[in-house]
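Dear colleague,

I am handing over the structure below, and my notes on its charged pairs and surface follow after it. Please read them with the structure open beside you.

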Amino acid sequence: VSTQSTGSSGINAEYGDSFPDLISLTMKFLMRSTTFGALQRRRWRRKINKLKNEIATLEDAFSSVLEDTEGAIANITARMDAMEAERVELDQAHAWQALHMAAAAACRGSTPSGGTGPSGNAVLAKENTRSCTAICGASPFNLCDADVSISGYKGQAESYSSDLDTSITTGVELQGTQT
């Protein structure tokens, strides 16, 4: 706004007859603006505080879900590890069972009769440094029919013509079967 000086009545000519009316209008505007601005600021502050509270609530909920999820994952991981350990133990037990069945079959197949007599027959594990007669003599099964050694390749046979083992049989002592 440009004003031209017209003497002492220049302000009155530009803004009306009463300079105090101008001040009054300006004060009213400022009071309204200040009151309105303060009211708006309070409204905005309330909205901002409400949003901050909602964010904090959501962060707490997210943290709770995250902790629950991490706990569930840790629980599942621990259960899977335990199941894996049980599976390894079971696989080892099955491997030993298969080895024992193979030893029983080899022992029965190495005697002329497959095992006879009034009592049950047994297959006993033995160290290479002890004789079959010594092992059997120290057990309730005191007659030794055969001494066998078994071995085999790891894994499943790929076909019916696959080699399952290559071995040399030496020193097998067949004794007569007690009937």
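A salt bridge here is a side-chain nitrogen of Lys or Arg within 4 Å of a carboxyl oxygen of Asp or Glu. Please keep in mind that this is a predicted model, in which local features need pLDDT of at least 70 and side-chain atom pairs count only at pLDDT 80 or more, while totals for chains, interfaces and linings use all residues. Residues are numbered from 1 along each chain as its sequence is written, and side-chain values use heavy atoms, with hydrogens and water left out.

The structure holds 2 salt bridges. In one of them, the side chains of R87 and D91 meet at 3.9 Å, N to O; these residues are 4 apart in helix α2 (residues 19-110), which means that about one helical turn separates them. Helices are DSSP runs of H or I with at least four residues, numbered from the N terminus. R87 is partly exposed (between 20% and 50% relative accessible area, with a 1.4 Å probe and protein chains only), its value being 44%, and D91 is partly exposed as well, at 41%.

The side chains of K126 and D147 also meet in a salt bridge, at 3.6 Å, N to O. K126 lies in the loop between α2 and α3, and D147 in the segment after α3, so this pair ties together parts that are 21 residues apart in sequence. K126 is partly exposed at 29% relative accessibility, and D147 is likewise partly exposed, at 28%.

With kind regards

Notes: Helices (H or I, at least four residues) and strands (E, at least two) are DSSP runs, numbered from the N terminus.
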